[in-house]
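Student: I have a protein model open and I keep running into labels I don't fully get. Can we go through them one at a time?

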Amino acid sequence: MFFGATLRKVAPAVIAHIIYQLDVNFRSATLLGVVGAGGIGFYLLNANRVLQFEVVTFILVLDVAVVLALEATAVLLRNIVR
């Protein structure tokens, strides 16, 4: 009884926290790569160094697309959980 009632109450908060962490981790991977720690930004920085601007543009567009997809998924899951 306790777990059933508690899980129903905290499910929206848990899902919101998981989606938020996924979003933060994705954006951090991009920023950390730019400063030299690897991740998505590593490829972005390397393409920028050798003046492959079509690759830089593709990485940035893909980055924005993934962030928008994560946001759409978050909105969908929030509507389902409520």
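What follows is a chat about where the labels come from.

Tutor: Sure, and keep in mind that this is a predicted model. Pick a label and we'll hold the value up against the rule.

Student: How many salt bridges does the structure hold?

Tutor: The structure holds 1. The side chains of Asp-23 and Arg-27 form that contact.

Student: What makes the meeting of Asp-23 and Arg-27 a salt bridge?

Tutor: The rule asks for a side-chain nitrogen of Lys or Arg within 4 Å of a carboxyl oxygen of Asp or Glu. Here the N to O distance is 3.1 Å, so the pair passes the test.

Student: Where do the two partners sit relative to each other in helix α1?

Tutor: Both belong to helix α1, which covers residues 2-34, and they are 4 residues apart. That spacing is about one helical turn.

Student: Is Asp-23 buried or exposed, and how do you know?

Tutor: Its relative accessible area is 11%. Buried means under 20%, so Asp-23 counts as buried. Leaving aside residues up to four places away in sequence, Asp-23 touches Val-67, Leu-70 and Glu-71.

Student: And what do we call Arg-27, going by its relative accessibility?

Tutor: Arg-27 comes out at 40%. Partly exposed lies between the 20% and 50% limits, so that is the label for Arg-27.

Student: Which way does α1 run relative to α3, and how do you know?

Tutor: α1 and α3 pack at an angle of about 175 degrees, with their axes 10 Å apart. Angles over 145 degrees count as roughly antiparallel, so α1 is roughly antiparallel to α3. Among the residues making this contact are Ile-15, Ile-19 and Asp-23 of α1 and Val-67, Leu-70 and Glu-71 of α3. By class, the contact of α1 with α3 has 12 nonpolar, 1 polar and 4 charged residues.

Student: Why are α2 and α3 called roughly antiparallel?

Tutor: Use that cut-off again. Helix α2 (residues 40-49) and helix α3 (residues 53-81) pack at about 155 degrees, with axes 8 Å apart. An angle over 145 degrees earns the label, so α2 and α3 are roughly antiparallel. The crossing of α2 over α3 is left-handed. Tyr-43 and Leu-44 are among the α2 residues in this contact, and Val-56 and Ile-59 are among those from α3. The residues of this contact divide into 9 nonpolar, 1 polar and no charged.

Student: What makes α1 and α2 oblique?

Tutor: Their axes cross at roughly 40 degrees and come within 6 Å. Roughly parallel needs an angle under 35 degrees, and roughly perpendicular runs from 65 to 115. A value of roughly 40 degrees fits neither range, so the pair is oblique. The crossing of α1 and α2 is right-handed. The contact includes Phe-26, Ala-29 and Thr-30 of α1 and Ile-40 and Leu-44 of α2. Its residues divide into 7 nonpolar, 3 polar and no charged.

Student: Why is Ile-40 called partly exposed?

Tutor: Ile-40, which is found in helix α2, has a relative accessible area of 28%. That falls between the limits of 20% and 50%, so partly exposed is the label for Ile-40.

Student: Which residues does Ile-40 touch, not counting those up to four places away in sequence?

Tutor: Ile-40 touches Phe-26, Ala-29, Thr-30 and Ile-59. Also, the C-alpha atoms of Ile-40 and Arg-27 are separated by 9.0 Å, with the two residues 13 apart along the chain.

Technical notes:
Residues numbered from 1 in each chain as written. Predicted model: local features only at pLDDT ≥ 70, side-chain atom pairs only at ≥ 80, totals over all residues. Heavy atoms only, no water. Helix = DSSP H or I, 4+ residues; strand = E, 2+ residues; numbered from the N terminus. Buried < 20%, exposed > 50% of the residue type's maximum accessible area, 1.4 Å probe, protein only. Axes fitted to C-alpha atoms, helices over the stretch in contact; angles between N-to-C directions. Left-handed = near helix turned anticlockwise from the far one by under 90°. Contact = heavy atoms within 4.5 Å. Nonpolar A, V, L, I, M, F, W, Y, C, P; charged D, E, K, R; others polar.
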